[in-house]
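Here are some notes for a colleague who is opening this structure for the first time. They take up the enclosed spaces and then one of the helices.

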Amino acid sequence: MLFKSVIPAGLLLALELAAAPIRQDQPARTNFNATHNWTTASAGKAAALIPNRPIPDQPFFEYRFDCPAPGNYRVWGRTFDPKWSSPGRWRIDGGEWREWKPQARVDREVFQRNFPLDWCLWGEAELEAGPHLLRFEATGKRPRGDYYYFVQDALLLTDDPDFRPAGRFSPAEQEAQRKGAEQLAALPDDGKKALLSLRVEKLRCEAGKLHFTAVMNRPFKGRLLAAFTRGGALYAVVPLEADGRNRTTEFELDLPSGLPAGKLKLYLFPLGTPFGYGEPGSLVWAEGDRRGLPLSWGVYRSRSGIRHFWYVTPGNVLVWDGEPYLPFGGMINTRLSWAARQGEPENSGFLNGGRNLLKGRIAQLKSYGLRDIYFNGFFPRSNPNVLREVVNLAEAEGMNYGLHLSDFPRESDPGFVRDPARGVPLKAGTASHRLDAAKDFLPGRRPKKLPELKFPCRVLYAVVDAEGIAREGGVATLDAAGSTEVKFRTQARDGDRLVYLPEIPLAASDPAGYFGGLEDYLAKVRAVYGSLPLGEHFRFFIDPLSNEMHTRPTGVPTTAAFQERRAAFLTKRYGSVTELNRICRARGASVSDFTTAARLVPLAANGRSSCWIDPETGRLFRFDDKNGQTLRDLKELRGEVCREVINRVVAVLKEIADVPVLLKHNTWFSDWFVNPLEKGGADGTGMEAYCYGDSLAYHNSAVVYAEAMQSRRTQWCPVTESSAAAFEGQKEYCGYPDRLQMLDDIDQLMMLGAKGFYHFGLMFDPDGGRFFTTELTRDPRQLEWLATHAKLYRDAGRKLLEARPEYHGWYPGYLREGEAAGNLARTYDIDGNYMGTSAQIRMAPDGRWILPAVNPDAPFRTLLVAEPLLTALQAKEAALHPAARRLTAKTLDSFTAHGIGVIPPEPGNPNQLQEFRRRVLGCETFQTEELNGLRLPDGRLLVWVCVEREQAEITLPPGARAVNLKGGAAAGRKQPPYAETRPLRAQPRQPAAALPERLLQCG
């Protein structure tokens, strides 16, 4: 006789004999300190043992059940992922304790993308007929030793060895639900709010057309989007219309261009109705002859269970539920996120003040029609209870919001780090030197704050001559005082210097050093972000790791994990160590194997050759690798490793909420911001553009677009930070000097490729600190400017879907690889760094920018190849692009580097900003002696007093009418016989200073 008993924890005993319904008739007993109300749990809740609440001396739960007959019973449990649960032990009827060692799961159901409940076999037991008691005790903290955590949902006993439990419902409940779903699907569409679900069937191609059937749980009339994928990558989206006459609808459409060959899946996403689930259909497509550019995409499931389909167009626009999402708003900095610490009181006066201020600021923004924000510093280390308050407030107020993680593992891996200041000139004839890590710096280069070194530690050193060649080097140990005696094999010569690299923890901003602490960080992200009640208004994550994630590529990790990854990289790139030695032109001793090559650390390089050392043996290796092929290998490996670390965090965030994940860009062009994946990884890059006017192109806008356009799939490119200035003392007023400057800056950024605008910032708390100059809520006039201009972009949304700026590419883009050997950029290198000069970006004669190129296949208008800067492998890559314009050693100079004589000027030299406004927005700006103005798409004029004036007067032509921004008639006087005049007064600018507390509170 088969016996099946599903017993929800903390509820009532539930029995099912054969196919009889399960009834709850006796309470279970437990002292667990919480109950999780998860929709995936049996009866909607499960007993839980969680941190941040008192832990019982002996946490336990018990089940009582009756066996109808004696026999061997298999004991199944449904718990949170055992790998992330506390250890435990269990026994039946006071028998011997058994260690809780669940076998591999046979079923998993996940709550809110991050909280799995797994059915696992616990073991077997010989039981007599009659009543029994099973007791479980948690015996310690989770395997990583951080805290107690256990979620127990259900227990199942069966004497059937072939039975496998599945889901949160018993077989009888599943059958009842299936019948209920069929009955619901058979009902006519009477406007009920049941989530629409559908599946795609009977795909076939006939006469160049695709035919398929959509089967829905209820009739639906409206728009649908057909999405074509292959291997999880999205290649095309086609709009459709459903007539709503039946639950089954036949469709016919032309196959979109750019589909790859292979097994395609077709998804249908309904628009304008709550959508619950869609099952795709599949088709083997053999006629694809080219690979189109895949689109970033996802299906976000909100806390209400409604799904939202989103994707990014080739024009870098985010489309959400079928409509272009063009956010205009700004960043919110609230103490409720960055200053709400775990374990501290949640009802303090400090936090209550933050609650009042945030509510007031959101009400102020809504009054101007601004509903797009993101919360800065939404740290995983913050108090999750307070973070949930912020999310609930944004949802309740209808604010579309993003979350900025900006955190990182607490532990960094060790590595040898090159600091260009670490060195000391040597006098000719010197035979040794007492190296002191606290004192030995090049003249004038001693840093104000020394990094913390843990002694003793290893140190690499080299004697480098005036031409940048390492004549000798070795490995030593800095003693407890941070010093060591270095003896030279030959005496120092004129111009020699001693450089050294200590083995220290890598910078907290360097993802290459995150291997050791990454798992703990991921667990924190799962625990905190997985508990957030993300709803219909949630849109994106920013910076899954540290803020802006830029670090100098000067560290070489020494962990086994990094060295194994490096060996695999070199093996894939060169195939054999013989080929590595040949291409890199090893001089003298050759590298014997990839394991040795993976340990090497650069000591010096001068563009013609480089010197490396093996830290394990102290042996030196030299390569005559013109332009630093070996340094480029190390840098590109670091880029891959950093990208893989970032992608692991992105994958966890996507499990929690499948929305776009953005990396916020600052300073130089970085290869790990270029996504080479057709699926997975980041979905966009945020422009952090400061300054104003044409300077915005230098300051993190054009370079950001270069990273996006060279990615393997489409990337969303909003402006995630922008202001004319950021810090106190940079200007005397708040925000922008007038409306025209704001419009010019926004339009400039959108012309350069941005598709959305978040000002830095709308609120800084507490007290604004050093950001009074940029906090727009201090000058509410500017909120109206932003909201008014946002409407122009939203009205033009469809024109922006495919609008893409044109850029020229400079190959090879410089990745600052020389810094690993203490070198500066070469002449004509481009790294996009706005803080540099010669290595920034350059404007060509046609008014377009020349940007760094690491992917020559990207759609640049012109690809310029600087042959004197190519490494051996880059030269092979460049040969595959015969249409590129080549600059040889004879033709590369300060003129051709700017495209002069290579790229022809644009005829007529048009005003590109005004052309962009006319073409995309249907408007243009104008200026008179007293007025600035904007000609709107409908022909009306928006005018205001120019920044140099306090007042002006306008004369209206016959039949014209003037209204203020609220729509009321503007007062004026008649000026016979034909016209009338209207006076305009400029509103005073808000100074960049603290406002009285009463104004802060009321907004």
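1. Eight cavities of 30 Å³ or more are found in the structure, which is a predicted model, and the largest of them holds about 150 Å³ of space.

2. Which residues lie closest to the centre of the largest cavity? Among the 14 residues that line this cavity, they are Arg566, Leu570, Ala597, Trp612 and Thr630.

3. Two elements, α6 (560–574) and α9 (629–656), each give two or more residues to the lining of the largest cavity, and α9 gives the most, with four residues. Sorted by class, this lining consists of 11 nonpolar residues, one polar residue and two charged residues.

4. Turning to helix α4, which covers residues 384–396, one finds 13 residues that reach 18 Å from the first C-alpha to the last, close to the 18 Å expected at 1.5 Å a residue.

5. The ends of α4 also deserve a look. At the N-terminal end, Asn383 acts as a cap, with a side-chain oxygen 2.9 Å from the backbone nitrogen of Asn385, while α4 is followed by Gly398, whose phi is positive, near 70°.

6. Which residues of α4 are buried? They are Pro384, Val386, Leu387, Val390, Val391, Leu393, Ala394 and Glu395. In an α-helix, residues three or four places apart point the same way, because there are 3.6 residues a turn.

7. The buried residues of α4 pack against helices α2 (335–338), α3 (349–367) and α5 (518–529), and also against strands β28 (372–375), β29 (400–404) and β37 (538–542).

Technical notes. Residues numbered from 1 in each chain as written. Predicted model: local features only at pLDDT ≥ 70, side-chain atom pairs only at ≥ 80, totals over all residues. Heavy atoms only, no water. Expected span 1.5 Å × (residues − 1). Buried < 20%, exposed > 50% of the residue type's maximum accessible area, 1.4 Å probe, protein only. Contact = heavy atoms within 4.5 Å. Polar contact = N/O pair within 3.5 Å; in protein donor to acceptor, adjacent residues only side chain to side chain. 1 Å grid on protein atoms, 1.4 Å probe; cavity = no way out; pocket = protein on both sides within 12 Å on 5 of 7 lines; lining within 4 Å. Points joined across faces, edges and corners; volume = space filled by probe spheres on them. Nonpolar A, V, L, I, M, F, W, Y, C, P; charged D, E, K, R; others polar.
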